[in-house]
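This report describes the fold of a single protein chain for a reader who has not met it before. It proceeds from the overall order of elements to the sheet, the helix and two charged residues.

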Amino acid sequence: MHQILLIDNFDLQKNESVSAIGDYYHTFTIKISKQDKQNAILKIKNSDNFKIDNFPNQTLYLTNERYFGSKVTQNYETENAYVREYFQPSGEEGYAPTFRRILISKTKNELTFEDIDE
């Protein structure tokens, strides 16, 4: 799905989950090696749809096609991070789509993963 592979050991820096009726949010941040960071950045930058964009499609997971439609992957660079986002409609009305985001910090050897189900 994300195709970002970490080879070296990493350290969990933060791990949080929040849930409410119909909503779920999970995020974690890990400290990664310099080599894994470079490999992840290259994976994002070498993607066919990579953009340098400080204002990407912020509504990717709020699309009207939450239940039926195409899978979408965005790869972009912002001022602070390299980002890969993945959206997949649920295929069934009433069920949350899959939305996941990976951010690679530009200033630290950190990777942040977010999973949002709304």
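From the N terminus on, the elements of the chain follow the order β-β-α-β-β-β-β-β. The secondary structure thus consists of one helix and seven strands, as found in a predicted model. The chain has 118 residues, of which 37% count as buried. Among contacts with a separation of 6 or more, 52% are between residues 24 or more positions apart.

**The sheet**

The seven strands form an open sheet in the order S1-S2-S7-S6-S5-S4-S3, and the pairing is mixed. At the edges are strand S1 (11-20) and strand S3 (50-52), each of which pairs on one side only. From one strand to the next, the twist averages 15°.

Three of the pairings can be set side by side. The table gives the sense and the number of bridges for each.

| Strands | Sense | Bridges |
|---|---|---|
| S3 and S4 | parallel | three bridges |
| S4 and S5 | antiparallel | six bridges |
| S5 and S6 | antiparallel | eight bridges |

Individual residues mark these pairings. Lys-51 stands opposite Tyr-76 in S4. Further along the sheet, Gln-74 has Glu-85 in S5 as its bridge partner, and Ala-81 stands opposite Ser-105 in S6. Strand S4 covers residues 72-77, and a hairpin of three residues joins S4 to S5. Strand S6 spans residues 98-105.

Why is strand S5 largely enclosed by the rest of the structure? Strand S5 comprises residues 81-88, and seven of these eight residues are buried, so the strand is largely enclosed. In the sheet order, S5 stands between S6 and S4. In a regular strand, side chains alternate between the two faces of the sheet.

**The helix**

Helix H1 packs on the sheet and touches S3, S4, S5 and S6. The direction of H1 makes about 60° with that of S5. Helix H1 comprises residues 34-45 and includes Asp-36; Lys-37 also has its place in this helix.

**Two buried charged residues**

Asp-36 is buried yet has no salt bridge. Its nearest side chain of opposite charge is that of Lys-43, 12 Å away; a salt bridge would require the charged atoms to be within 4 Å. What does the side chain of Asp-36 reach at 3.0 Å? It reaches the backbone nitrogen of Ile-7. Leaving aside neighbours within four places in sequence, Asp-36 is in contact with Leu-5, Leu-6, Ile-7 and Asp-8. Ile-7 therefore appears both as a polar partner and among these contacts, which are defined by heavy atoms within 4.5 Å.

Lys-37 is likewise buried and without a salt bridge. For Lys-37, the nearest side chain of opposite charge is Glu-110, at 9.1 Å. A polar atom of the Lys-37 side chain lies 3.3 Å from the backbone oxygen of Lys-106. Beyond its neighbours within four places in sequence, Lys-37 is in contact with Ile-32, Ile-104, Ser-105, Lys-106, Thr-107, Lys-108 and Asn-109. One of these residues, Ser-105, is the residue in S6 that stands opposite Ala-81.

In both cases, a buried charged side chain of H1 lacks a salt bridge. Asp-36 instead has a backbone nitrogen at 3.0 Å, and Lys-37 a backbone oxygen at 3.3 Å.

Methods:
Residues are numbered from 1 along each chain as its sequence is written. This is a predicted model: local features need pLDDT of at least 70, side-chain atom pairs count only at pLDDT 80 or more; totals for chains, interfaces and linings use all residues. Side-chain values use heavy atoms; hydrogens and water are left out. Buried means under 20% relative accessible area, exposed over 50%, partly exposed in between (1.4 Å probe, protein chains only). Helices (H or I, at least four residues) and strands (E, at least two) are DSSP runs, numbered from the N terminus. Two strands pair if DSSP finds at least two bridges between them. Lys and Arg count as positive and Asp and Glu as negative; His and the chain ends are not counted. A polar contact is a pair of N or O atoms within 3.5 Å; within protein, one must be able to donate a hydrogen and the other to accept it, and residues adjacent in sequence count only if both atoms are side-chain atoms. Axes are lines fitted to C-alpha atoms, for helices over the stretch in contact, and angles run from 0 to 180 degrees between N-to-C directions.
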